[in-house]
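Trainee: I have a structure open and would like to learn how to read it. Could you walk me through it?

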Amino acid sequence: MLLEATNIHKTYQTADGPFEVLRGIDLTLDRGQTLALTGESGSGKSTLLHLIGGLDVPDQGKIMIDGQDIAAMDDTARARVRRGAVGVVFQQFNLIPSLRVADNISFQARLADQHDPAWVTTLADRMGLTAQMRKYPEQLSGGQQQRVAIARTLAPKPKLVLADEPTGNLDEATAETVLDLMLELVTETRAGLLMVTHSDRLAARMESRLHLAAGRVA
Ligand SMILES: Nc1ncnc2c1ncn2[C@@H]1O[C@H](COP(=O)(O)OP(=O)(O)OP(=O)(O)O)[C@@H](O)[C@H]1O
């Protein structure tokens, strides 16, 4: 199993006292599978995604990625798993403004020592970005910028792709196109995809769905 999260608990300390966001979440995802994560605003979707992506740690529970429990690792070991196996796409494209599209796409793959120029060329072609490779992010439309961000995430060939409302900043038609491209490439590379979305329509495009309510799977 690619991802196996068991009994995940997370409490935030706030000015009003402790706030328990996740109260025992279980989920599994294998390579080649797609899973939508839905739930009302504030239900803990981003929190869960951050825990699975190793950007934060749960208070309780296991998060096994490829057989290793990232919840039990120190920061350095967790960062290594994240760089080697996990790719994240955010709603804000988070491109580096001073780098050309080509260098934005290969940025994380280079950091992870996984740069494969032929794969970058393929990704750019599939994402319809070949003519944009020498441009800077500010010269691109929102849909193009998000395609660059997705290509950047897929460039190191992650086994697990986490996406937090990746099309939330795009109009409906563009969102659909960008999701199509992402699903095609994720399926072809046999990555697992966990995607947070507010959209029932987009969630219906994924193989399965996990709905969060009151800190639990509803
Ligand atoms: N660092 C933090 N400290 C305290 N509270 C937090 C922190 N991060 C998130 N929260 C709270 O935890 C709850 C869950 O937040 P989270 O962002 O995971 O929800 P979400 O389901 O992704 O929401 P949305 O759909 O609006 O993005 C919210 O009530 C939020 O205010």
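Trainee: Which element gives the most to the shell around the ligand?

Mentor: Happy to help! Keep in mind that this is a predicted model. The element you want is α1, which gives 3 residues to the shell around the ligand. Strands β1 and β2, like α1, each supply at least two residues of that shell.

Trainee: Which residues are around the ligand?

Mentor: They are Tyr12, Thr14, Phe19, Val21, Gly39, Ser41, Gly42, Ser43, Gly44, Lys45, Ser46 and Thr47. Sorted by character, the shell has 3 nonpolar, 8 polar and 1 charged residue.

Trainee: Now the sheets. How do I read one?

Mentor: Start with the general idea: strands of a sheet pair through backbone hydrogen bonds, either parallel or antiparallel. Here, one open sheet has 4 strands in the order β2-β1-β4-β5, with antiparallel pairing. Its edge strands are β2 (17-29) and β5 (68-69), each of which pairs on one side only.

Trainee: Over how many bridges do β1 and β2 pair?

Mentor: Strand β1, residues 3-14, pairs with β2 over 10 bridges, in the antiparallel sense. To see this pairing on screen, find Thr11, which stands opposite Glu20 in β2.

Trainee: Where does helix α1 sit relative to this sheet?

Mentor: Helix α1 (residues 45-52) packs on the sheet and touches β1, β2 and β4 (60-65). Its direction makes about 120° with that of β1.

Trainee: What strand order does the open sheet of 6 strands have?

Mentor: The order is β6-β7-β8-β3-β9-β10, and the pairing is mixed. At the edges are β6 (86-89) and β10 (216-217), each pairing on one side only. Strand β9 (residues 208-213) pairs with β10 in the antiparallel sense over 2 bridges, and Leu212 stands opposite Val217 in β10. Helix α1 appears again here: it lies across β3 (34-39), β7 (160-164), β8 (192-196) and β9. Relative to β8, α1 runs at about 150°.

Trainee: How should I read the faces of a helix?

Mentor: An α-helix has 3.6 residues a turn, so residues three or four places apart point the same way. Let's try this out on α3.

Trainee: Which residues of α3 are buried?

Mentor: In α3 (residues 101-111), the buried residues are Val101, Ala102, Asn104, Ile105, Ser106 and Ala109. They pack against α4 (117-126) and α5 (142-154).

Trainee: What phi does Asp113 take just after α3?

Mentor: Asp113 takes a positive phi of about 60°.

Terms used. Residues are numbered from 1 along each chain as its sequence is written. This is a predicted model: local features need pLDDT of at least 70, side-chain atom pairs count only at pLDDT 80 or more; totals for chains, interfaces and linings use all residues. Two strands pair if DSSP finds at least two bridges between them. Two residues are in contact if their C-beta atoms, placed from the backbone, lie within 7 Å. Axes are lines fitted to C-alpha atoms, for helices over the stretch in contact, and angles run from 0 to 180 degrees between N-to-C directions. A residue is near a molecule or strand if its C-beta atom, placed from the backbone, lies within 6 Å of it. Ala, Val, Leu, Ile, Met, Phe, Trp, Tyr, Cys and Pro count as nonpolar, Asp, Glu, Lys and Arg as charged, and the others, Gly among them, as polar. A residue is buried if 20 or more other C-beta atoms lie within 10 Å of its own, exposed if 12 or fewer, and partly exposed in between; C-beta atoms are placed from the backbone.
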